Amino acid sequence: MFQNPEQFASATKTLFEFQLDTFNSLTSKAVQALEQVAALNLATARSNVENTLATGRELSEAKDPKAVLAVAASKVQPGVADAAAYNQQLSQIIAEIQSEFARAAEAHMAEAKSSLSALIYDVTKNVRPGSENAVQIVKQAIDNAFRGYEQVTSATREAVSTFEEQLARASASVAEHSQTRH
């Protein structure tokens with residue numbers, strides 16, 4: 001039925017490798033985004049501790065209640081600005097990871113479709129009479145492999161979406177906490 005079974009095996013292996021490469025690439029990008037968020041959170045926490053210590057020092061040096069209120073009032077605007085800057089940086093990280101995921105998924109999808117088309121052509125070009133059922137089984141197996149690839153891509157997109165939602169909730173929580181604190 002096949003002119004060259006090695007070609008078929010090679011093409012099938014290539015398609016599977018595309019699936020694996022896509023998964024690895026997107027996982028790597030997700031880890032990078034988590035590292036960026038962790039670094040942002042660490043820097044924000046460090047800055048908050050430094051600001052809190054400085055505010056405490058200023059409050060302890062205040063001579064009267066009016067001076068205490070002035071110090072507290074002077075810290076509200078910078079606190080809101082810091083929360084806004086944090087939200088902006090977090091949004092930028094989310095936008096970058098979303099863009100990278102979309103680019104990687106589309107690039108791998110185009111490669112996989114091209115390989116799939118070539119594989120189907122190779123499988124069907126020299127079919128002997130009476131082998132149509134076998135060809136149909138092979139086409140179905142190839143379609144199933146490609147659907148698996150699409151499922152990995154879809155699952156990864158869903159994971160990114162969930163990640164974005166969790167980051168947005170965390171960001172909103174930080175913003176609320178910052179506003180109530182100051």
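In this predicted model, three helices share the lining of the second largest pocket. Helix α1 (5-61), helix α2 (65-124) and helix α3 (132-181) each supply at least two of the lining residues. The largest share comes from α3, which gives 6 residues. The volume of the second largest pocket is about 190 Å³. Its lining is made up of 13 residues, and those closest to the centre are L26, A30, F101, T156 and A159. By type, the lining holds 11 nonpolar residues and 2 polar ones. No charged residue takes part in it.

The overall fold is simple to describe. The chain contains 3 helices and 0 strands. Read along the sequence, the order is α-α-α. The chain has 182 residues, of which 25% count as buried. Contacts were also sorted by distance along the sequence. Among those with a separation of 6 or more, 84% join residues 24 or more positions apart.

Nonpolar side chains gather in cores. The largest nonpolar core has 14 residues. Within this core, V37, L90 and L167 have the most contacts. Helices α1, α2 and α3 each give two or more residues to this core. The biggest contribution is that of α2, with 7 residues. The contacts of V37 show how the core is joined. Beyond its neighbours within four places in sequence, V37 touches L90, I93, F163 and L167. Two of these partners, L90 and L167, are themselves among the residues with the most contacts inside the core.

A further core, of 5 residues, lies apart from the largest one. Its members include L15, F18, M109 and F146. F146 belongs to helix α3. The relative accessible area of F146 is 9%, so this residue is buried, the cut-off being under 20%. F146 and L15 are far apart in sequence, with their positions 131 residues apart in the numbering. In space, their C-alpha atoms are 7.7 Å apart.

A similar check was made at S91. This residue lies in helix α2. The C-alpha atoms of S91 and A168 are 8.1 Å apart, while the two residues are 77 apart in sequence. S91 has a relative accessible area of 45% and is therefore partly exposed, since that class runs between 20% and 50%.

Charged side chains form 2 salt bridges in the structure. One of them pairs E100 with K29. The closest N and O atoms of E100 and K29 are 3.8 Å apart. This pair links distant parts of the chain, with E100 in helix α2 and K29 in helix α1. The two residues are 71 apart in sequence. E100 has a relative accessible area of 24%, so this residue counts as partly exposed.

The other salt bridge joins the side chains of K75 and E58. Here the N to O distance is 3.0 Å. Again the pair links distant parts of the chain, K75 being in helix α2 and E58 in helix α1. K75 and E58 are 17 residues apart. With 31% relative accessibility, E58 is partly exposed.

K75 also has a contact with T55. Leaving aside its neighbours within four places in sequence, T55 is in contact with V71 and K75. T55 is placed in helix α1. Its relative accessibility is 17%, which is why T55 counts as buried. K75 thus appears both as a contact of T55 and as the salt-bridge partner of E58.

Conventions:
Residues numbered from 1 in each chain as written. Predicted model: local features only at pLDDT ≥ 70, side-chain atom pairs only at ≥ 80, totals over all residues. Heavy atoms only, no water. 1 Å grid on protein atoms, 1.4 Å probe; cavity = no way out; pocket = protein on both sides within 12 Å on 5 of 7 lines; lining within 4 Å. Points joined across faces, edges and corners; volume = space filled by probe spheres on them. Helix = DSSP H or I, 4+ residues; strand = E, 2+ residues; numbered from the N terminus. Nonpolar A, V, L, I, M, F, W, Y, C, P; charged D, E, K, R; others polar. Buried < 20%, exposed > 50% of the residue type's maximum accessible area, 1.4 Å probe, protein only. Contact = heavy atoms within 4.5 Å. Core = buried A, V, L, I, M, F, W, Y, C linked by side-chain atoms within 4.5 Å. Salt bridge = Lys/Arg side-chain N within 4 Å of Asp/Glu carboxyl O.
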